[in-house]
Amino acid sequence: MKIKSLIYTALASVVLFTSCDLNKQPTFNDETQAFIAFDSASGMLDELDGTAEISLYCASLAGINASAEIAFNADAYADNAAAVGTHFNVAYAVRYSIDFDNQSPTFNERINVDTIAFTAAPYVINFDNKHQFATVVLEAVDNDAREPNKKFDVQLANIQGCNKGAMNTYSITILDDENPFNRLLGEYTATGESAAQEKTMEWDVTLTADDEVENKLWIQPVISTSQFGLGHDRVAAVEATVDDVQGTISMRIGQSIYTVDGQMDLIICGITNNIETTGIGVANYDVEGDVTITWSSALGAYDIVAGGLYEYFTNIVYTKK
């Protein structure tokens, strides 16, 4: 992350104020008005890239001695909360001054660079007349497992020698780099309560990727039909779409799974209060630990030739082998 132009504005403007010939000249007093702040409000830490830089500065004319502790808080994010040591680590910080290019409102280069190695909390940044800027480097911890994107806040705490600036909280989202789609593929053991058999049934299910469409997979078979002498190898696979943001698999109701010309045409149906031959069936998946797929409602096979239910299951769960 590069130092933003607002820092230039924050420091350059106080110099401008002291040099303006106004009736009521604005001033900036280090003793009462100097502050420490972040240079922006939010950013991202990508597991794939591995690091994120958070920049902060001490706004003062003279370059005062001041310090701030960098603290981490994820209380606002409930189940998506990130923790130091579990989802990220604090690597180090770099303190420096900036050599201003007086010909344009830009920075020339960092000077007086000083690297601080952090080993444990508290993570304290000290500022002085040679070090008015700092960058804290965070490292992602990649656990090689698919999780929701984690979040946390970086906060300025225990400030000494000056004030806390208005930009005192920096929010970070950790982007998980595992694609859940890949973990969903493979062989499963399915269980469900059979309405026809009035008992728990168990069968094998295979999830395979589509060759052309991203996040599309094929499920074979969605429900069991073998109890009626119709082997699973004769039942067509159905297509479904994975939403890795919502953590769901969506399947179009009404897909044909077995046809005998003029005699039988079995389609996948949904069962709520009524038999549903159109719409979308939704399953929630969990790829942490044992991979499981749980269908939100009952699913059945409906014979559109005979006009009746062939079979249906409740409480369908797939568990990866």
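1. In this predicted model, alanine 78 sits in the loop that runs between β4 (66-73) and β5 (88-101). The backbone at alanine 78 is worth checking by eye, since its phi is positive, about 45°, although the residue is not a glycine. Alanine 78 counts as exposed, because its relative accessibility is 63% and the cut-off for that class is over 50%.

2. A second residue with a backbone of this kind is asparagine 158, which has a positive phi of about 50° and is likewise not a glycine. Asparagine 158 belongs to a strand, β9, which spans residues 150-160. With a relative accessible area of 51%, asparagine 158 is classed as exposed, because exposed means over 50%.

3. As background to these points, most residues other than glycine have a negative phi, and most peptide bonds are trans.

4. Turning to the peptide bonds, the one that joins alanine 121 and proline 122 is cis, and its omega is about 0°. Proline 122 lies in the loop that links β6 (106-117) and β7 (123-127).

5. Which form does the peptide bond from glutamine 220 to proline 221 take, cis or trans? That bond is modelled as cis, with an omega near -15°. Proline 221 is placed in the loop between β14 (216-220) and β15 (238-243), while glutamine 220 is the residue on the other side of the cis bond.

Conventions:
Residues numbered from 1 in each chain as written. Predicted model: local features only at pLDDT ≥ 70, side-chain atom pairs only at ≥ 80, totals over all residues. Heavy atoms only, no water. Helix = DSSP H or I, 4+ residues; strand = E, 2+ residues; numbered from the N terminus. Buried < 20%, exposed > 50% of the residue type's maximum accessible area, 1.4 Å probe, protein only.
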